[in-house]
Amino acid sequence: MLSKSLKTMTFFPAEVLERVFALLTSQRDRNSVCLVCKYWWKVEAECRLRVFVKNSYALGPQRVLSRFPRLRALSLKGKPHFADLNLVNWGGFALPWIEFFAKNCPWLQELRLKRMVVSDETLQLISVSFFEFESLSLVRCGGFSPVGLAAIASNCRRLKELVLLENEVEEDINHILGLEVGDGLGQWLSSFPESCSSLVSLNFACTKGLVNLEALEKLVARCPNLRSLRLNPRVPPNTLHKLLLQAPQLEDLGIASFSNTTDHRTCMRLQNAVSKCQSIRSLSGFSSFSPLSLAPIYPMCSNMVSLNLSKAVHLPAQSLIQIISRCKKLQNLWVLDNIGDKGLVSVAITCTKLQEFRVFPLGPHNEVNPALTEKGLIALSMGCPLLHSLVYCCKQMTNAALITVARNCHNFVNFKLCISDPTTPDHTTSQPFDEGFGAIVQSSKGLRRMTLSGLLSDQVFLYIGMYAEHLEMLSIGCYGEGDKGLSYVLNGCRNLKKLEIKGSPFVDAALLEEILKHEKIRCIWISSSKVTVGACRAISMQVPMMNIEIIEENNNKKKKKNDDDLKVGKMYLYRTFIGPRKDAPASVWTF
C-alpha cells in the first residue's frame, strides 16, 4: 500500500515531476521511477532525453521513439559482449536505426554505438540528418573508413565530441580515393571547417593511418574548450609538444607514441609543455616507448586520477612501477600483467585510494615476464580497501587468497577473476574455489557482476544463490558438478539478467527451459551443451518472445538446420519484442 506522501506525489502536476526526474542522472534510477505508477511511467517517458538500448535486436527504433518522443541522446549496443562470440560477420547493423531516426527524429544530438557495424554510408547519413548533432561515440565498431569520418567532420558543425575507441577502421582506402599509398588516410582531420571551435573531446587513438599534423594543430588551437585528446601512434612527440602548448586546459590525454623521442632536447621541450598542463587527471596510451619519455610524464603524476596502460606492451615493468609510484591520488588503473606481483605491492603501497583495477594478460610468460599469482592480489586488497571493481588475470589462485580479499574489501560491484587454465583448482589444496568465491559474495552485498574461473562445485552456486541477491551478470568458466548448481543461482538471484556458461556438459533442454522461466533473464550465452536443434525449435515455440540463435563458426554444410537430432555448439538466447532478426548470416541459425 502506498504511503501518504507517495500518494501525494502521484498527483503532482507533470511539470513538477519533470523537474524532479531531471535531477536523476542514473538510468537505473529513471527505470525505477517508471515502476511507481502509470502516471509516473507516462510523465517520465515524455521527459526522458537519454535512452540506452542494450540490444539492438531486442526492440525496434519505432518502439523506442514512440515511448520517448523527446529523445535527444541514444546509446545502442549490437553484438553481445561475450568473449566467445568472436564473429566478424554476425550482425548488429546500425544503418536501419539511423535511417529511421533520420526521418523521424531529426533533433537527435548524441549517438553512442557499441559493437555495431557502422558503414561509411551510415556516418554520412548521420552527418546530414541531425541539425543539432553534437556527439558521436563509436566503441568496438567496424565497417567504416576515413571517408565516413570526413563526412562527420565536415557536416556536423556543432560537433563537441568525437570518440573512436577500439574500433576496426578500414584505413586502406586508396583504391577508393585513387590516391598513392599513405596520401589520403589522415586527411579526414582537415575536413573540420575553419569555423569549428566547439570540440570538447577528440579521440582517434584506435586509428593507424597517417595524420595531417598541420590540420590537427590548427583544430586543437581553435577549440578552447577541448578537455579530452587521445592521439594515434602517427602523432610524434614534437607535434605533441605543440598541441600541449595550445591546449593547457586538457584534463584527459592519450599519448600513443614515444618511439621518436630520441634526443634530450625534444624531451625537455615536451616536459616544459607538460608542466603547463596543470589540469590533466587522466592518462592513457604508450603503445610504443622510449626511456627518455619518462621525464615528461612525471609532472602529471601527482594529480593523476585515472591511468590506462593496458596498451603499453613495450613499457618495461620497472618503468611502469616508477610511474605508478608517483600517482598517489590514483582511483582507476589498467595495466598489463608484466607488472608482476612485486609491481602490485608497489601499487598497494602508493595507491591507497584505488577503486577500479584491471590487469590484462600480455602474452607468453617466462622468467623475464612472470605470470601474476595470488600474492599480488592479496597485496592489492590489503593496500586498497576501497576497491569496488576488479578484473584480475593470473596463473594461479587459492581459496585462502580470495578469503583474504573478501576480508579486506567489502564494496565489490564488479569482480572478475580469469585464471590461465579455467579448470585448475586451488594449487595448494587441489580443492575447488567454492569457499573463496563464497567469501566474496558474502562480504560484498552490492555485487552486480561476477566472473568465475577455476574448478568449481555446486557448493559455490549455493553460496551465490544465498548471498548475491543483487547479482545481474554471471559468467562461469567451468560449470560445476551437475544442473543443481544453476538451480541454486536461479532461485536466489532474482535480479539476474545476463548469464554466460563457457564450458558445461550439463546444460540440456530441461535446464534451459528452467533458465528461461526466470523472468528477468535478458540474455544467455552457452558455449557447449547437450541441447539439440529440435529442442531449440520446441523452446522457441513455447517462449515466443525469446530469440534463439545457434552459431556455426565453421559453417559446415553437412550440418543442417532441419536436423533435429543435431547437438548445438554455441548458443545465444535473448528476449525480444520484434521476433527473429532478418539479417542473420548463414553461419547463424535463428529460431
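Biologist: Does F204 count as buried or exposed?
Modeller: The relative accessibility of F204 is 1%. Residues are called buried under 20% relative accessible area, exposed over 50% and partly exposed in between, with a 1.4 Å probe and protein chains only as cover. F204, at 1%, therefore counts as buried.

Biologist: On what basis do such values rest, and what share of the residues counts as buried?
Modeller: This is a predicted model, in which local features need pLDDT of at least 70 and side-chain atom pairs count only at pLDDT 80 or more, whereas totals for chains, interfaces and linings use all residues. Residues are numbered from 1 along each chain as its sequence is written, and side-chain values use heavy atoms, without hydrogens and water. Of the 591 residues of the protein, the share that counts as buried is 54%.

Biologist: How many aromatic pairs does the structure hold?
Modeller: Rings of Phe, Tyr and Trp (its six-membered ring) pair if their centres lie within 6.5 Å; planes under 30 degrees apart are stacked, over 60 edge-to-face, and the rest tilted. The number of aromatic pairs in the structure is 12.

Biologist: What type of aromatic pair do F100 and F101 form?
Modeller: The centres of F100 and F101 are 5.5 Å apart, with 85° between the planes. Both F100 and F101 are buried. The type of this pair is edge-to-face.

Biologist: Why is the pair of W188 and F204 edge-to-face, and how many residues apart are its members?
Modeller: The ring centres of W188 and F204 are 6.0 Å apart and the planes meet at 85°, so the pair is edge-to-face. W188 lies in the loop between α9 (174-177) and β6 (201-203), and F204 in the loop between β6 and α10 (213-221); helices (H or I, at least four residues) and strands (E, at least two) are DSSP runs, numbered from the N terminus. W188 is buried as well, with a relative accessible area of 5%. The two residues link distant parts of the chain, and their separation in residues is 16.

Biologist: How many salt bridges does a search of the whole structure find?
Modeller: A salt bridge requires a side-chain nitrogen of Lys or Arg within 4 Å of a carboxyl oxygen of Asp or Glu. By this criterion, the number found in the whole structure is 16.

Biologist: Which residue meets R30 in a salt bridge?
Modeller: The contact to R30 has an N to O distance of 2.8 Å. It links distant parts of the chain, from R30 in helix α3 (residues 27-34) to a residue in helix α4 (residues 38-47), 14 residues apart. R30 is buried at 9%, and its partner is buried at 0%. That partner is E44.

Biologist: Which residue forms a salt bridge with R448?
Modeller: The closest N and O atoms are 3.1 Å apart. R448 sits in the loop between α18 (434-443) and β15 (449-452), and its partner in the loop between α19 (458-467) and β16 (473-476). R448 is partly exposed at 26%, while the partner is buried at 14%. The residue in question is E472.

Biologist: What does the count of disulfides come to, and which cysteine sulfur is nearest to that of C196?
Modeller: With a disulfide taken as a pair of cysteine sulfur atoms within 2.5 Å, the count comes to zero. C196 is in no disulfide, the nearest cysteine sulfur being 4.9 Å away. C196 is buried at 3% relative accessibility. The nearest sulfur belongs to C223.
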